[in-house]
Amino acid sequence: MVCRVASTIDAVLLSHPDTLHLGALPYAMKQLGLSAPVYATEPVFRLGLLTMYDHYLSRKQVSEFDLFTLDDIDSTFQNVTRLTYSQNHHFSGKGEGIVISPHVAGHLLGGTIWKISKDGEDVIYAVDFNHRKEKHLNGTVLESFVRPAVLITDAYNALNNQLPTKQRERGFIDAIKKTVEAGGNVLIPVDTAGRVLELVLILEESPLNCPIYFLTYVASSTIDYVKSFLEWMSDNIAKSFEHTRDNAFLLKHVSLLINKSDLDNAPAGPKVVLASMASLEGGFAHDIFVEWATDTKNLILFTERGQFATLARMLQADPPPKAVKVTMSKRIPLVGEELLAYEEEQNRIKKEEAMKASIIKEEELKVVHASDNVGDPMVIDASNTQTSQEAAVSHGGRYRDVLIDGFVPPPNCAAPMFPFYENASEWDDFGEVINPDDYVIKDDDMDQGALPFVSNMDGKLDEGPASLILDMKPSKVVSTELTVQVKCSLIYMDFEGRADSRAIKSILAHVAPLKLVLVRGSAEATEHLKQHCLKNVCPQVYAPQIEETIDVTSDLCAYKVQLSEKLMSNVLFKKLGDHEIAWIDAEVGETENGMLSLLPLSTSAPPHKSVLVGDLKLADFKQFLSSKGVQVEFAGGALRCGEYVTLRKAGDASQKGGLSGTQQIVLEGPLCEDYYKIRDYLYSQFYLL
C-alpha cells in the first residue's frame, strides 16, 4: 500500500517527534520514492532528527542495519519546512487554495494538531493529543475547533482511564524511593526525546538520595536543544524564565550520559537510569535489563505500553514471564584474516569504481569533442598511440587531457593545440574581486555543525559508536542467545501523556464534527468509541481497515458570491472582537461576467427574531457583575446574583440540531428592580442583530 502511494503524495505533515510518527520517513524517502515536501514545528524537526540518530545507532550496534544511513536521515530532514503554532501556510500550484496550520496537541514537545482548510471547510488531524496541562507542556487546543467538516483521530486510549496527575506522580516517586532505599537499581525504558522530558522534570523536582542518569546516544544534545524551546512549553515554564531567568532544563540532579561505559564506571550503589529504547528491543535499556533483571532488589519501571511483539510488551503481560529469551549482540572490530579479506574486497571495489569513473569521463570528453567536429580529423600514427583506456588510467589513475584518435583542432587555429582552460578572474585596484556569498555560512552548514556528533566526539562516545559515525574501522556483529531469569520487580504506570477515555469522549462531543474518522487503536477500543460517537457525537463515523479507502467528501456545496454595492450601502455593521457582523436580507442574482451576486430584495424584508451573538462564560460574567457592585456567587452550578436572581445555563452545547448546539441561558427570579438590572447587564454581554 505504502509503495503504491508514496510517489503520489504531495505533502507530509509530521505530528510528533517519535518513531511512531516519523520513524519510517527516511526509509520512505530513500526506498519508496517519496519526494514530497515535509512540514513540522521546530521541536518536532530537531527532536525528531535526534530520535532517528539514536535509533539508527542503537540498531547499527546490534545488527547490519541497512534500511537507511545517517546521511539519509540528514537529507530527509534538510527538506523540512518549519512552522510555528497557528501559522498559516498556503499551498501553491497543485494545492492552490489549501491552507495548513499546526496547533498545540500536548503529548510531546512541539506536538501538533493539523488544521487543513479548503473553501471554508476544515479537516482536523488530531492523533495522540493530551488535554491535561503538564510540567513542561500545555494541554491541547482541540476543543477550540467547532463543527469541522472532518475530524481524524485515534481510539488508542478509548478504553483506559487515568488517575489524577498528582496521584500518579506520587506513586511514581514512591515506587522509586522504595526500591533505592532497599538497595536496588531502577531502570526506566524511555523514548529518545519525547515523554522522557516530563519524567526528567518529575525526577528533577523530587530529588532522590541516589544518582539519576539519562542515557542515550544523544542525551546531551537533546537537553541542549530543549533548553532553547521554552516558548513551546507550558505557561509556567515560560513565565518562570521571563521573571527569574530560571531554565527548567538546567538540570542539577539528573546527569547526562551518552555511552554505557560511563554508567559502568559510576559509583557503586543504588541508581535510577532512564535509557532508550522503550521497547527493550535494542539500545542501552536492553543491555541494562539483561544485567539487572536477575536481581530481586531491582525494578524495571515502564511508563508506556510496549508495542506489539516487543520485549517490553511481553514483560507487561499479566502475569509477567519468569524467564525470557534475549539476543545479546555486540559490534567488534575485524582482526586477522577477516580484516585482510575485508581490505582486499574494499580495494577491489575501489579499483572497479575508479575504472568505471575514468571510462565515463572519457566518454563524456569524446562527446564534447565530437560536438566541435569541423573539417577532416587530424591523422595520428596509431602505432604510437595508447589505447583510450590506458591513457585514461595513466599517471596514477588520474585523468589527463591527452591527444587521442578523433581529436579535431578548432578551425580558427594555425596548428593543433592542446586544450587550454582560462581561469578568468576580475581584478580591481585592491586585487582579485571576491564574492561575499562564498564566505557566508549557510543555514544547512550551521545545522550540520550543530549535529550532536560533531560536538560530542571529544572522547565522549564509545569506540563502537564513533566508528559507526565516522565509518573508521571495519567491524562485524557477534550475537549470542541468552535466557534471562526475570526476578526483578516489574511495574507499569501510565505516563504516555495521552487523553483518556473520559476526556476523549468529552472533547469529541464538544468539537461535534460533521464526520469522524478513527485511524488507530485496538479493534475493541475502536468499536467502543465508534458506537459511542454514533450515539452522542455525529451520525457518520468511519473506522477504515488497513489499505481500505473511504470517501469523506463534504455534502455541503460552497459558492463564491459578490456583495453588490447597492446591498452593502444599506447594511449596518456592529463590531464583534476583531470582526464586524451584520444581518442582511438579500436575493441571489448574477453579474455580467457570470459571477453570483447578492442583491437587495425587490420587496420589503420580512421581519426576523432578534439574535444575540456571543459566548458568555459564567466566570467572566461573575467578575463583570462584581465590578458593578452586585453581590454574586456560584451555588450548585448556577450564579446567584443579589438576593433573588439566579442565572444558569440549560441544555447541552454538544446536542445535534444546530450549528452551535441548543444551549440557553436562563434568568430566574421575581420581577423586581434587581431582575431588570441584571437582565440589562446580561444583554450587554451580547451583540443584538
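**Exercise 1. In which strand is the place of Ser117?** Then work out its burial and its partners.

*Solution.* A word on the ground rules: this is a predicted model, in which local features need pLDDT of at least 70, side-chain atom pairs count only at pLDDT 80 or more, and totals for chains, interfaces and linings use all residues. Residues are numbered from 1 along each chain as its sequence is written, and side-chain values use heavy atoms, with hydrogens and water left out.

Step 1: find the element. Ser117 sits in strand E6, residues 112–118. Helices (H or I, at least four residues) and strands (E, at least two) are DSSP runs, numbered from the N terminus.

Step 2: check burial. Ser117 has 17% relative accessibility, so it counts as buried. The classes are buried for under 20% relative accessible area, exposed for over 50%, and partly exposed in between (1.4 Å probe, protein chains only).

Step 3: list the partners. Not counting residues up to four places away in sequence, Ser117 touches Gly97, Ile98, Val99 and Asp122. Contact here means heavy atoms within 4.5 Å.

Step 4: look for polar pairs. The side chains of Ser117 and Asp122 are joined by a polar contact of 2.8 Å. Such a contact is a pair of N or O atoms within 3.5 Å; within protein, one must be able to donate a hydrogen and the other to accept it, and residues adjacent in sequence count only if both atoms are side-chain atoms.

**Exercise 2. Is Thr41 buried or exposed?** Describe its surroundings too.

*Solution.* Step 1: Thr41 belongs to strand E2, residues 38–41. Step 2: its relative accessibility is 0%, so Thr41 counts as buried. Step 3: the Thr41 side chain reaches the backbone oxygen of Gly110 at 2.9 Å. Step 4: with neighbours within four places in sequence left aside, Thr41 is in contact with Arg82, Leu83, Tyr85, Pro102, Gly110, Thr112 and Trp232.

**Exercise 3. At what angle do helices H6 and H7 pack?** Follow up with the contact itself.

*Solution.* Step 1: H6 (residues 165–181) and H7 (residues 196–205) pack at about 70°, and their axes are 11 Å apart. Axes are lines fitted to C-alpha atoms, for helices over the stretch in contact, and angles run from 0 to 180 degrees between N-to-C directions.

Step 2: classify the angle. H6 is therefore roughly perpendicular to H7. Angles under 35 degrees count as roughly parallel, over 145 as roughly antiparallel, 65 to 115 as roughly perpendicular and the rest as oblique.

Step 3: name the residues. Glu169, Phe172, Ile173 and Ile176 of H6 meet Glu198, Leu199, Ile202 and Leu203 of H7. By class, this contact of H6 with H7 has six nonpolar, no polar and two charged residues. Ala, Val, Leu, Ile, Met, Phe, Trp, Tyr, Cys and Pro count as nonpolar, Asp, Glu, Lys and Arg as charged, and the others, Gly among them, as polar.

Step 4: consider how covered H7 is. Nine of the 10 residues of H7 are buried, including Val196, Leu197 and Glu204.

**Exercise 4. How far apart are the axes of helices H4 and H8?** Repeat the analysis for this pair.

*Solution.* Step 1: the axes of H4 (residues 42–62) and H8 (residues 219–227) are 10 Å apart, with a packing angle of about 175°. Step 2: H4 and H8 are therefore roughly antiparallel to each other. Step 3: Arg46, Leu47 and Leu50 of H4 make the contact with Ser221, Thr222, Tyr225 and Val226 of H8. Those residues of H4 and H8 divide into four nonpolar, two polar and one charged. Step 4: seven of the nine residues of H8 are buried, so H8 is largely enclosed by the rest of the structure. Among the buried ones are Ala219, Ser220 and Ile223.

**Exercise 5. Which residues is Gly282 in contact with, leaving aside its neighbours within four places in sequence?** Inspect the backbone there as well.

*Solution.* Step 1: Gly282 is in the loop between strand E12 (272–275) and helix H11 (283–292). Step 2: it is buried, with a relative accessible area of 4%. Step 3: leaving aside those sequence neighbours, Gly282 is in contact with Ser276 and Met277. Step 4: the peptide bond from Ser276 to Met277 is cis, with omega near 15°. Step 5: Gly282 and His55 are 227 residues apart in sequence, yet 8.6 Å apart in space, C-alpha to C-alpha.
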